[in-house]
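Here is a short briefing to read alongside the model. Take a look at the structure first, and then let's walk through a few of its features together.

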Amino acid sequence: MKTLAIETSCDDTSVWIINFDWQIFTVDSLLAYSQIQDHQKYWGVVPEIASRLHSEKIIEVIKNIGLEKIKDVDFISVTIHPGLPGSLVVGKAVASLLSSYFVKPLIHVNHIYGHVFSILLERNMTDIQFPLVVLTASGGHNDIYIVTDNEWWMMNNEWWERKKFGGYKIARVWYTLDDAAGECFDKVARMMWGPYPGWQRISDKALQWKSNSDLEFKRIFLSKDAFEFSFSWMKSQVSGLLKALEKKWTPLTEELICDIAYEFQEAVVEVMVKKLIRAGIAFDAKTLWLAGGVSCNDRLRAYMQSYANEKMPGVVCVRPMQKVYCMDNAAMIGVAGILEYLNQ
Ligand code: KG4
Ligand code: ZN
């Protein structure tokens, strides 16, 4: 089975062809235009520029994939929600056009489910053990999902958003009350350095940290039993500290920057991992997944592995096979699109 997948929810015009041989999802062709350099000087993504660039680049990207290849796919998958409305509409319009022209079914895919199922790319499906608990952490969302391959019994809370995907059942069980972790990384990087994107710089500076600092940010767990996340307070702690330093004319030395980056990353990672493991224990998970842009963070992955070894020995911890599958991409939309198609 083959799908042409289109993803234009934010600042990447991404078009991939994904194959599924009933055991493994693989990438056939991929083409993308990243707008990062176009938004850099504005210190963040500008929605109007993003939608204009999608409309300028998408036909070129599709032409480079080749119309012969598109003729060969079984159906078209496209991200419809959530994302920047002006960007999503470009992908949706082009997908509808291709679907009508080539007379192929059109499958609408939710972007977050794409992140959840990005883990299946290039992984043997028979190796995965259920139930599994997934943390999707990106610039715009920070949620915990449970996925099973059998009954709905675990998902009997009427407030949860539930869905069937191929042979799987999925429910969103917890979420962020305000900012997402990635958004918090972006905003803190902007406060400290300016130009977008700055998240990698936080991790790089954290690696240079020397363990003689007594700086400590409060970990925001909300309450002992709360599963929801809140990261806006995390961001406020950093901005409060920067303002206090400025008031006292304390220079932001390289050493201080490394201390702030390290302590900020530790605080965010600790909250994410402890909540994920708490959910894993509550649902007796066999596997824990990390997905979304923030799953590129190596410290997050290392912390998750060591904390899971301590609290849930034997549980398998995974994130997408490649970092490119963590960030927004059409491959994950293809995987979710194929699972959705199998529902029909
Ligand atoms: O999934 P994604 O590409 O887009 C959304 O759906 O939002 O995620 C992008 C986000 C960025 O905002 C950035 O904050 C975060 O992923 N990110 C990271 C790292 N790499 C990307 N956050 C922390 N550490 C990283 N190494
Ligand atoms: Zn995303």
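The site of the zinc ion (ligand 2) is irregular, with angles of 96 to 137° among its 4 donor atoms; four donors count as tetrahedral if all angles lie between 85 and 135 degrees, as square planar if opposite donors are over 155 degrees apart and all others between 65 and 115, and anything else is irregular. This is a predicted model, in which local features need pLDDT of at least 70, side-chain atom pairs count only at pLDDT 80 or more, and totals for chains, interfaces and linings use all residues. Residues are numbered from 1 along each chain as written, chains are lettered from A and ligands numbered from 1 in the order written, and side-chain values use heavy atoms, without hydrogens and water.

**Zinc site**
- His-111 (NE2), His-115 (NE2) and Asp-328 (OD) coordinate the zinc ion (ligand 2) at 2.0 to 2.1 Å; donors are N, O and S atoms within 2.8 Å of the metal (3.2 Å for Na, K and Ca), and sites may look incomplete since water is not among the atoms.
- His-111 is buried at 4% relative accessibility, whereas Asp-328 is partly exposed at 22% (buried is under 20% relative accessible area, exposed over 50%, partly exposed in between, with a 1.4 Å probe and protein chains only).

**Helix H7**
- Ile-202, Ser-203, Lys-205 and Ala-206 are the buried residues of helix H7 (residues 199-207); helices are DSSP runs of H or I with at least four residues, numbered from the N terminus.
- These buried residues pack against helix H6 (181-192) and helix H9 (254-282), where contact means heavy atoms within 4.5 Å.

Methods
Four donors count as tetrahedral if all angles lie between 85 and 135 degrees; four count as square planar and six as octahedral if opposite donors are over 155 degrees apart and all others between 65 and 115; anything else is irregular. Helices (H or I, at least four residues) and strands (E, at least two) are DSSP runs, numbered from the N terminus.
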